[in-house]
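This report looks at selected features of one protein model, beginning with its aromatic rings and moving on to charges, a helix and internal space. The chain and its coordinates are shown here.

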Amino acid sequence: MKERLLFLLKVVLSLLLVFVVCKLVFILVNAGEDKPSIADITSTCRHGLSLDLTISLYIVTIPTLVTIVSIWWNKWQWMRNLLKGYFALISIPLVVGVIADMVLYHFWGIKLEASVMQFLDTTGAAFTSISWLSLLLLLIVGIVACWAIAWLLIRCTPKTMPSLAGSKKIIMTFLMLLLLPLMVIGIRGGIGESTANVGQVYFSQNQFLNHAAVNPVFSFLSSFSSTHRLPEHYFFDSKTCHEMTDSLFFTDSKGTDTLLTTKTPNIVMVIMEGCGGTFTLLNDKADVTPNLTRLAHEGVFFSNCYANSWRTDRGNVSILSGYPAFPNSSVMKISSKCGKLPSIARTLGKKGYYARYIYGGDINFTNTKGYLIGTGFNETISDKDFSLADQQSSSWGVCDEKVFDRAIQVIGDDHKKGTQSMNVIMTLSSHEPWDVPMQRKFDDEELNAFYYLDKCIGEFVDKLKAHQLWDNTLLIILPDHGSRYQSYGYESRITCHIPLIWTGGAVKIQKDIDVLCNQSDLAATLLGQMGIPHEEFLFSRDVLSSSYRHPFATYSYTNHIALIDSTNQYHLYDLQDSRIEEDAHFRLSKALLQRACEDLRDR
């Protein structure tokens, strides 16, 4: 009976070998003068195995089904011929993908993905830079590679397959059927919340090594998801778009009101899951979040701030990269663009800061790890870095109080070492299904979850003070987005209206600031306070600068864009509704969206 299982195992191992060889060739072709070490190459191959396995299991699905059929209908010679044809056929897209990936990376520095199909004209121009001799060589290499892969896989296919009788058929069928769900788990990338994604193989501050680890076939196939595609919202000619928006953005800080006692604070940023205006003092919910209310009154409270989007992956990018959000696309999931975004972590890293991201959930969810490493974070701490018991303390992973305890530990370690640091803490307990390890305060389980989050933040602040980590600390608290609650949907203004609080020993004064802004303005505003230039943050505005003369905020969710104008009026538009009258606010909203699309496209 073992012949069938051994056959499938050989095919999978052969495919993994093929992908490892492809990685080595990719590195050889694209490494340039900065040759990676043997240790780097080994790590690249090792970290890339998970995505290689995903694609290998996809490919072995057909042979598995054929093998199951052979248990009851053993026409193996006929089936072997079928498999020979399948292996010969499947080798062609594999080789084309690998070669296209290597060539395009040389010109563009991105992995193979669906978005390259938008630039076929440019691709053609790229290939005109290659001599006919080089093209002929690529063709020959491609043909030889196809033959080699097909030959290897066919060699794994036994010439004969023994027939089974009686109970052995039933036992073997049962074993093979057990194999199918294991294959699905392997294809999915595990049993956690996240599915297989490009970022899960990222491991290095050297982005080239991360790219080399990514399986090009997986990169291409996964990018076909709509949220992985480049957003395409183009309403005007480019000149008109720029004329409408040029005066709205600036990248300098002038006459900035100083809020801090030092230009080099240790930064702790708490990004609260879903805790928008619905559950805070912005909506008379001080009883739900009393600690946030207290901290807002003790520190600097930006009372007129708005989220850029409605999802964590979008909100994180807006906060940490000062970048706009799009209605139907997630920049975090577009791996070819992540590393090209500006980021607070990278900018502070040049000033000697150590950047760490602490999260109790699956760090691979929505390509979070890939984005963080690609934008300069030195370290990530996630669910797998906690005990198994802690990992099971919440439906989404480690409950907030345990995550804050870990944060106290690492912040304390930074303090002892004298390390200048930025620690970003992402919470998760205030998320459906609202299961929090706390005795009920409210009958409403959703309100109870946000009360628990607020309680954890209050205790965290108390511990920072008790451990004498408060004095030189700037603590920034804001949500990733708002949450729907009862009559408040994503279209509601109060849902996207968010609290932004600066507190800590590094804050000089208590102050309420009602200037209109987005969470994406945090980057430029923070760097402006620290006296650090922020020219690369094209869409982030220092709202404390005298340069900020045209206040507005934007917000988006599926197929919708909103504009809060300089008179503080809220305008919401459905991009799919052709009946909407195109007033000046709608035109400006579309121009701002197009400006962001053009920038992302050109990165």
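## Aromatic pairs

In this predicted model, the rings of the aromatic side chains form 23 pairs. One of these is made by Trp310 and Tyr490, whose rings meet edge-to-face, with 5.2 Å from centre to centre and 80 degrees between the planes. The two partners are 180 residues apart, and their pair links distant parts of the chain: Trp310 belongs to the loop between β2 (300-306) and α12 (312-321), whereas Tyr490 belongs to the loop between β6 (473-479) and α19 (493-496).

Are the two partners buried or exposed? Trp310 has a relative accessibility of 12%, and because this is under the 20% limit, the residue counts as buried. Tyr490, with a relative accessible area of 13%, is under that limit too and is therefore buried. Elsewhere, ring pairs join Phe249, Tyr323, Phe539 and Phe552 into a cluster.

## Charges over rings

Aromatic rings in the model also lie beneath charged groups, as two cases show. The charged end of Arg406 is placed over the ring of Phe386, at 4.5 Å from the ring centre, while that of Lys465 sits over the ring of Trp470, with 4.9 Å to the centre.

## Helix α2

Helix α2 runs over residues 38-59, and because each residue should add 1.5 Å, its 22 residues are expected to span 32 Å; the C-alpha atoms at its ends are 30 Å apart, in agreement with that expectation. The helix nevertheless carries a kink of about 45 degrees, which is centred on Leu49.

Buried residues of α2 include Ser43, Thr44, Cys45 and Gly48, and among the others that are buried are Leu51, Asp52, Ile55 and Ile59. As general background, an α-helix has 3.6 residues a turn, so residues three or four places apart point the same way.

## Internal cavities

Rolling a probe the size of a water molecule over the atoms shows where empty space is left. How many cavities of 30 Å³ or more does the model contain? The count comes to five, and the largest cavity has a volume of about 260 Å³.

The lining of the largest cavity consists of 19 residues, and those nearest its centre are Asn308, Pro324, Ala325, Thr554 and Leu592. The elements that contribute two or more residues to this lining are β10 (553-557), β11 (560-564) and α21 (584-602), and α21 gives the most, with four residues.

Terms used
Residues are numbered from 1 along each chain as its sequence is written. This is a predicted model: local features need pLDDT of at least 70, side-chain atom pairs count only at pLDDT 80 or more; totals for chains, interfaces and linings use all residues. Side-chain values use heavy atoms; hydrogens and water are left out. The expected span of a helix is 1.5 Å times one less than its number of residues. The bend at a residue is the angle between axes fitted to the seven residues ending there and the seven starting there. Buried means under 20% relative accessible area, exposed over 50%, partly exposed in between (1.4 Å probe, protein chains only). Rings of Phe, Tyr and Trp (its six-membered ring) pair if their centres lie within 6.5 Å; planes under 30 degrees apart count as stacked, over 60 as edge-to-face and the rest as tilted. A charge sits over a ring if NZ of Lys or CZ of Arg is within 6 Å of the ring centre and within 35 degrees of the ring normal. On a 1 Å grid over the protein atoms alone, a cavity is a set of points where a 1.4 Å probe fits but cannot get out, and a pocket is an open set with protein on both sides within 12 Å along at least five of seven lines; lining residues have an atom within 4 Å of a point. Grid points are joined across faces, edges and corners, and a volume is the space filled by probe spheres set on the points.
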